[in-house]
Amino acid sequence: MNESYIILLDDLKSGVLVKNWRVSEEFFGEFGNEEVSHADLSVDVQARRSGASVNLDADIRGTVTVPCDRCLEDVILRIDTAVALKLRFGVGSADTDEEDGRELVWIPEGESEFDLSQTIYDYVCLSLPIRRCHADGECNPEVLRRMTDNPGRDDGPDSPAETNPFAALKDLFKD
């Protein structure tokens with residue numbers, strides 16, 4: 001990746017570490033995500049050591065451009081999500097994955113850095129809506145017209161038998 005999204009854990013001996021990164025469409029390309037054609041995101045991170053753990057908070061804000069599910073034209077979606085992690089050193093048990101309202105991440109002993117790139121990618125993708133569409137009336141009208149006007153297709157119940165896939169079933173329950 002062009003930019004390193006790494007938190008150096010050795011720099012957290014005391015105080016707060018603050019980082020700010022910009023995320024663009026190249027970031028998503030590194031993960032093989034071809035759906036995001038443009039991205040302009042700001043990632044603001046604060047990391048604070050608290051005893052044997054590190055509390056990490058990140059705010060991800062900006063926009064991504066993806067294809068509309070209805071008309072396939074580009075639609076710009078706002079992203080505003082927060083990440084709250086607690087980094088713990090050692091080997092954790094599988095039964096605890098959250099602590100103090102934070103997602104718990106176990107870091108192997110001796111590790112001196114934590115790469116946030118996968119976390120940023122996951123949180124952005126999870127914050128995208130399931131249906132990615134323009135607001136009503138903003139889709140490409142030509143595409144919508146072509147989707148509703150399909151004169152070559154006639155699959156209704158009264159269509160000729162040679163084009164109706166259900167024609168063979170019409171005599172199934174005759175007495």
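This passage walks through the overall fold, the salt bridges and a nonpolar surface patch of a predicted model.

Starting with the big picture, the protein chain has 3 helices and 8 strands. Their order along the sequence reads β-β-α-β-β-β-β-β-β-α-α. Of the 175 residues, 33% count as buried. The accessible surface comes to about 11400 Å², and carbon and sulfur atoms hold 48% of that area. As for how the chain meets itself, take the contacts with a separation of 6 or more: 54% of these come from residues 24 or more positions apart.

On to the charged side chains, where the count of salt bridges is 7. One of them pairs Asp40 with Arg22, and the closest N and O atoms sit 2.4 Å apart. This pair links distant parts of the chain, with Asp40 in strand 3 (residues 38-50) and Arg22 in strand 2 (residues 16-24), 18 residues apart. Neither end is buried: Asp40 is partly exposed at 37% relative accessible area, and Arg22 is partly exposed too, at 46%.

Another salt bridge joins Glu35 to Arg132, with 2.6 Å between the closest N and O atoms. Glu35 belongs to the loop between helix 1 (25-30) and strand 3, while Arg132 belongs to the loop between helix 2 and helix 3, so the bridge ties together parts that are 97 residues apart in sequence. The two partners differ in cover. Glu35 is partly exposed, at 34% relative accessibility. Arg132 has a relative accessibility of 15%, and because the cut-off for buried is under 20%, Arg132 counts as buried.

Arg132 deserves a closer look. Its loop runs between helix 2 (117-127) and helix 3 (141-148). Within that stretch, a polar atom of the Arg132 side chain lies 3.0 Å from the backbone oxygen of Pro129. Setting aside neighbours within four places in sequence, the residues in contact with Arg132 are Glu35, Val66, Pro67, Cys68, Asp69, Val75 and Leu77. The salt-bridge partner Glu35 is thus part of that contact list.

Helix 3 offers a more local arrangement. Here the side chains of Glu142 and Arg145 meet in a salt bridge, at 2.7 Å from N to O. Both residues lie in helix 3, 3 residues apart, which is about one turn of the helix. An α-helix has 3.6 residues a turn, so residues three or four places apart point the same way. Glu142 is partly exposed at 35% relative accessibility, and Arg145 is partly exposed at 39%. Salt bridges with shared partners join Glu142, Arg145 and Arg146 into one network. At the start of this helix, a side-chain oxygen of Asn140 comes to within 2.9 Å of the backbone nitrogen of Glu142. Helix 3 has 8 residues and the number buried is 0, so the helix lies largely in the open.

Last comes the nonpolar side of the surface. Phe166, Leu169, Leu172 and Phe173 form a nonpolar patch there, and together they have about 530 Å² of accessible area. Leu172, one of the four, sits in the segment after helix 3. At 56% relative accessibility, Leu172 counts as exposed, because the cut-off for that class is over 50%.

Definitions and conventions. Residues numbered from 1 in each chain as written. Predicted model: local features only at pLDDT ≥ 70, side-chain atom pairs only at ≥ 80, totals over all residues. Heavy atoms only, no water. Helix = DSSP H or I, 4+ residues; strand = E, 2+ residues; numbered from the N terminus. Polar contact = N/O pair within 3.5 Å; in protein donor to acceptor, adjacent residues only side chain to side chain. Contact = heavy atoms within 4.5 Å. Salt bridge = Lys/Arg side-chain N within 4 Å of Asp/Glu carboxyl O. Buried < 20%, exposed > 50% of the residue type's maximum accessible area, 1.4 Å probe, protein only. Patch = residues over 30% accessible without salt bridge, like charges linked within 9 Å, V, L, I, M, F, W, Y side chains within 5 Å. Areas by Shrake-Rupley, 256 points an atom, 1.4 Å probe, with all protein chains shown as cover.
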